[in-house]
Amino acid sequence: MKILLNGCWRTEIQVKPQNWNTQKASVRKQWHIWYRFHDPAFSERFPKGKLVILKGMNHLQVLQLRQDLTRELITEELRRVDQNNYNPIAGTFMINPESQDLEISPYTGLVEAMEWGAANIDVSPSTKDDIKSVVKYCKAAAVSLKIDTLEISKVTRLQIRLILDRVAKIKAGTVIRFKNGTSKKGIWSNNNFNHYKKNLSILFAFLDEYRLFDSIPTEGIKKKKVARTPRKLISDDDYKRMMESLHGTHYNFWRYVSIFEKSGARLAELLSVCLHHVDIKKKIFKVLVNKRNAPTWVEKEIDREVLHLWRELVDYAVTLGEPFVGNEPVFIFGTGLSPQRQLKPIREEQVTRRWNTHVKKKLGITADIYSLKHRRTTKDVDKFIDQAISQAQQKAAQKNSHTSTAMVKSVYDVKSGRRRQEIKRKLEGKKLVFRFRKDETPTLSEDLLE
């Protein structure tokens, strides 16, 4: 039995067949996850509790893959019900009585106001999680400095700066213990400082809407300088080895990685794509971009190399029924990175965790998943520049009445050896735009080819 909010409780989550986690389990049978959810408000309607049944793994015919997906479905349900307080009878998320909306005013204490703001701010789920984490450590620092109950209207820039300094000491002195028994000492860097400062600025800008102070106390706190190093790219050999390994053992993840690399979208954006956002005929999909001044829907082209994978996902998603049922859309990359009907998208941490497990640890590849975007972009730019230069050389050869570009390359084009580097140098800091003809031959402006 698991005790939940508002007198609710649930039985242990179980799987049918009972031997699902053994080598004797059969994939010829239908599997399902089940438990009973009890809510005293619905005791007459469900005296024995509501039977909750979860499926979604039965399309997999490889035992290991079905077992892996079943574990992920269980983990996601535990997070949804136990951590996020979802009530499957009411179909809503329950509110913790201890964290209901507070009356906010200039006289509210610093920590109380920050926690209220973190609970009520309207930002993306990932940003909200970041803010809550920042508030957690800032609360410990404020208590240590004995300013946690200071009226929010009286908080100064100096006090916020002192909080950040105290957080640095707390974080640096924290010992992080892992499940495997190992541990390491916490770290604090200029990157961490800037991360905390950014999220506090977002939080206090939201609180400022309630006229809690004359000036936002985070204003004037400068970002710290960070030495930026080029992102490590995955080599062609490692890329081939990785894709072969994922395709053979974790197909859904391989499919997601293949599409992500060529999507031009961020992890969270791609995970939020639903069935109604995809138009296979037009070869486009829509994503909600949150990194601008206001969230904006952007159409992106589906790369022809992964069009068949998009079709595969959409064909399966269509079998789940209408794009919307109540408040639950069909996500293209739901739990298990396959189409699922659910309330909200899975977190991007579920993708990065898979990358760490199946790529970094298993294959010894140190590059992170975003290196795929850098790799693809670099290759695309190189290809476009080569094609554009080739086109310019052909025009020059025609002008000189040559039947080939051999003389242009070897004799007349004296800058041939330096051209690529010069074009890249001129393109630094500029938005690179290629215009395509009907034959898809890219062209660059003439000033870059001079």
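## V298 in strand β12

Let's start with one residue: V298 belongs to strand β12, which spans residues 296-301. This is a predicted model, and in it V298 has a relative accessible area of 18%, so it falls under the 20% cut-off and counts as buried. For a handy distance to check, take L288, which is ten residues from V298 along the chain. The C-alpha atoms of L288 and V298 are 6.3 Å apart.

## The protein as a whole

Stepping back, the protein has 14 helices and 17 strands. Of its 450 residues, 40% are buried. The exposed surface comes to about 27000 Å², and carbon and sulfur atoms supply 50% of that area.

The contacts can also be sorted by how far apart the partners sit in the sequence. Taking the contacts with a separation of 6 or more, 58% join residues 24 or more positions apart.

## Helix α7 and helix α6

Helix α7 runs over residues 251-263, and it is a good place to look at how helices pack here. One of its partners is helix α6, made of residues 236-249. The axes of α6 and α7 are 6 Å apart, and the helices pack at an angle of about 140 degrees. Because that angle is not over 145 degrees, the pair does not count as roughly antiparallel, and α6 is oblique to α7.

On the α6 side, the contact involves Y239, M242, M243, L246, H247 and T249. They meet Y251, F253, W254, V257, S258, E261 and K262 of α7. Sorted by class, the contact of α6 with α7 has eight nonpolar, three polar and two charged residues.

## Helix α7 and helix α9

Helix α9 covers residues 307-318, and its axis comes within 10 Å of the axis of α7. The two axes cross at roughly 125 degrees, so α7 and α9 are oblique to each other. Their crossing is left-handed.

From α7, the residues in this contact are Y251, W254, R255, S258 and I259. Facing them from α9 are L309, W310, E312 and L313. The classes here are six nonpolar, one polar and two charged residues. Y251, W254 and S258 are worth a second look: they are listed in the contact with α9, and they also meet residues of α6.

## Helix α7 and helix α10

The next partner is helix α10, residues 349-363. The axes of α7 and α10 come within 12 Å and cross at roughly 110 degrees. That value lies between 65 and 115 degrees, which means that α7 is roughly perpendicular to α10. The crossing of α7 past α10 is left-handed.

Here α7 contributes F253, Y256 and V257, while α10 brings V351, R354, W355, H358 and V359. By class, this contact holds six nonpolar residues, one polar and one charged. F253 and V257 take part in this contact, and both are listed as meeting α6 too.

## Q159 in helix α4

To finish, here is a residue in another helix. Q159 sits in helix α4, which spans residues 157-172. Its relative accessibility is 18%, and because this is under 20%, Q159 counts as buried. Once neighbours within four places in sequence are set aside, Q159 is in contact with I147, L150 and K154.

Technical notes
Residues are numbered from 1 along each chain as its sequence is written. This is a predicted model: local features need pLDDT of at least 70, side-chain atom pairs count only at pLDDT 80 or more; totals for chains, interfaces and linings use all residues. Side-chain values use heavy atoms; hydrogens and water are left out. Helices (H or I, at least four residues) and strands (E, at least two) are DSSP runs, numbered from the N terminus. Buried means under 20% relative accessible area, exposed over 50%, partly exposed in between (1.4 Å probe, protein chains only). Contact means heavy atoms within 4.5 Å. Accessible areas come from the Shrake-Rupley method with a 1.4 Å probe; for residues, only the protein chains shown count as cover. Axes are lines fitted to C-alpha atoms, for helices over the stretch in contact, and angles run from 0 to 180 degrees between N-to-C directions. Angles under 35 degrees count as roughly parallel, over 145 as roughly antiparallel, 65 to 115 as roughly perpendicular and the rest as oblique. A crossing is left-handed if the near helix is turned anticlockwise from the far one by less than a right angle, and right-handed if clockwise. Ala, Val, Leu, Ile, Met, Phe, Trp, Tyr, Cys and Pro count as nonpolar, Asp, Glu, Lys and Arg as charged, and the others, Gly among them, as polar.
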